[in-house]
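Student: I am new to this structure and would like a close look at a single part of it. Could you take me through the nonpolar core and the residues around it, step by step?

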Amino acid sequence: MADEKQPSSLGLGIYTAERSTPRITAVEVIAMLLSVVWLAGMLWFYLGAGVEAPSQEGGSTLSMVIIMLAVLLPIALIWVAASAAKTARILREESARLQSSIDAMRAAYVAQQQSSSMDVRPAVVAKLDEIAEAQRSTETALATFTSTRNLGQASETRAAVVHPDTNIDQPQPSLALAGADQPHHDPISVADFVKALNFPDNEHDKEGFRTLRRALQDPNTSRLIRSSQDVLTLLSQDGIYMDDLRPDRAKPELWRKFAKGDRGKSVAGLGGIHDRSSLALSAGRMKQDLVFRDAVHHFLRQFDRTLVDFEQNATDEEIVQMSETRTARAFMLLGRVTGTFD
């Protein structure tokens, strides 16, 4: 008897449910009542109703067997049904207990995995960022070592574009008096030129807006800045943003070749944009939108002209920095769409 009160070591299984449940359940009470009612009915049928049971001498053995079956078989069926109902109830309880145990184990496992992933994920992300930054620094350093141009003057003071672009959009030279009242601005430096081509990051980028205003005051770069702003605005209408593009980095030699007039396969590395959706959307709009097509061609011409002068005054490192700006990415995207690098 003491063994029946002792719980199972696992806390699971049908024996645990049997030991924890009462000896007499509602199902057994109902089965006992039905058995009593059935026996009472049989007694009334044979005694109260005047039905005479066959005697041992006159009745046949077969009649006695049929009567016994008629009395006992329903009682047996009642108890079989009661036993099945009790077993089903025990199985449901055990199933619920097993399900709750499984849910608790799953919740504990998920919590453990999340805690471990939270500990590992920042370290992995930081390591990947460190590797990417190291690679970027290495490429920039290589460009610095291979550069032999204008190393004696800092990029903050060296002019980016000093070529007097007076023949563009001017059919005849202007008189001296025409520009006498216009303020004179020094040429924009290489560092500010690169920052201006990338545009401000957000509305709080005060340095970016200062540099952009400085570039717009420079006559040699304002045309490129305005044309770049136009195409970036048009591209954003189709959900194309330069920050989402990850182009292949081209060597400074390719940019210098392009600035000197090389075209075709020799400078195909400049078209390092592989985003299919951006290429497809841009190509489709080039065919359908006349305003977009004119803005793109104007932008490509201005970038080409400005790059010719910038390449002469920039080091390889500064060309690499220029290639990572939003304006340069737009040039790489639209240049590939228009077949400039084919």
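Tutor: Before we begin, one cut-off is needed: a residue is called buried when its relative accessible area is under 20%, and exposed when that value is over 50%. Please also keep in mind that this is a predicted model.

The largest nonpolar core has 46 residues, and those with the most contacts inside it are W255, F299, F303, F310 and M322. At least two residues of this core come from each of α5 (190-198), α6 (206-217), α7, α8 (252-259), α9 (276-288), α10 (290-313), α11 and α12 (326-337), while the largest share, 8 residues, is supplied by α10. As a general background, nonpolar side chains tend to be buried together in soluble globular proteins.

To see how the core residues meet, we can turn to F303, which, once neighbours within four places in sequence are left aside, is in contact with L224, W255, M322, T327, A328 and F331. Two of these partners, W255 and M322, are also listed among the residues with the most contacts inside the core.

From there we can move to helix α11, which spans residues 316-323 and holds I319. With a relative accessible area of 2%, I319 is under the 20% cut-off and therefore counts as buried. Not counting residues up to four places away in sequence, I319 touches P252, W255, R256, F310, E311 and A314. I319 and V194 are 125 residues apart in sequence, yet their C-alpha atoms are 8.9 Å apart in space.

Helix α7, made of residues 222-236, includes S222, and this serine is buried as well, because its relative accessible area is 13%, which lies under 20%. Apart from neighbours within four places in sequence, S222 is in contact with A215 and L216.

The loop between α5 and α6 contains F199, which has a phi near 65 degrees, a positive value in a residue other than glycine. F199 has a relative accessible area of 12%, so it too falls under the 20% cut-off and is buried.

For a contrast, consider helix α4 (residues 61-146), where L77 is placed. At 54% relative accessibility, which is over 50%, L77 counts as exposed. Together with V65, L69 and L73, L77 forms a nonpolar patch on the surface, and these residues have about 370 Å² of accessible area together.

Note on methods. Residues numbered from 1 in each chain as written. Predicted model: local features only at pLDDT ≥ 70, side-chain atom pairs only at ≥ 80, totals over all residues. Heavy atoms only, no water. Helix = DSSP H or I, 4+ residues; strand = E, 2+ residues; numbered from the N terminus. Buried < 20%, exposed > 50% of the residue type's maximum accessible area, 1.4 Å probe, protein only. Contact = heavy atoms within 4.5 Å. Core = buried A, V, L, I, M, F, W, Y, C linked by side-chain atoms within 4.5 Å. Patch = residues over 30% accessible without salt bridge, like charges linked within 9 Å, V, L, I, M, F, W, Y side chains within 5 Å. Areas by Shrake-Rupley, 256 points an atom, 1.4 Å probe, with all protein chains shown as cover. Salt bridge = Lys/Arg side-chain N within 4 Å of Asp/Glu carboxyl O.
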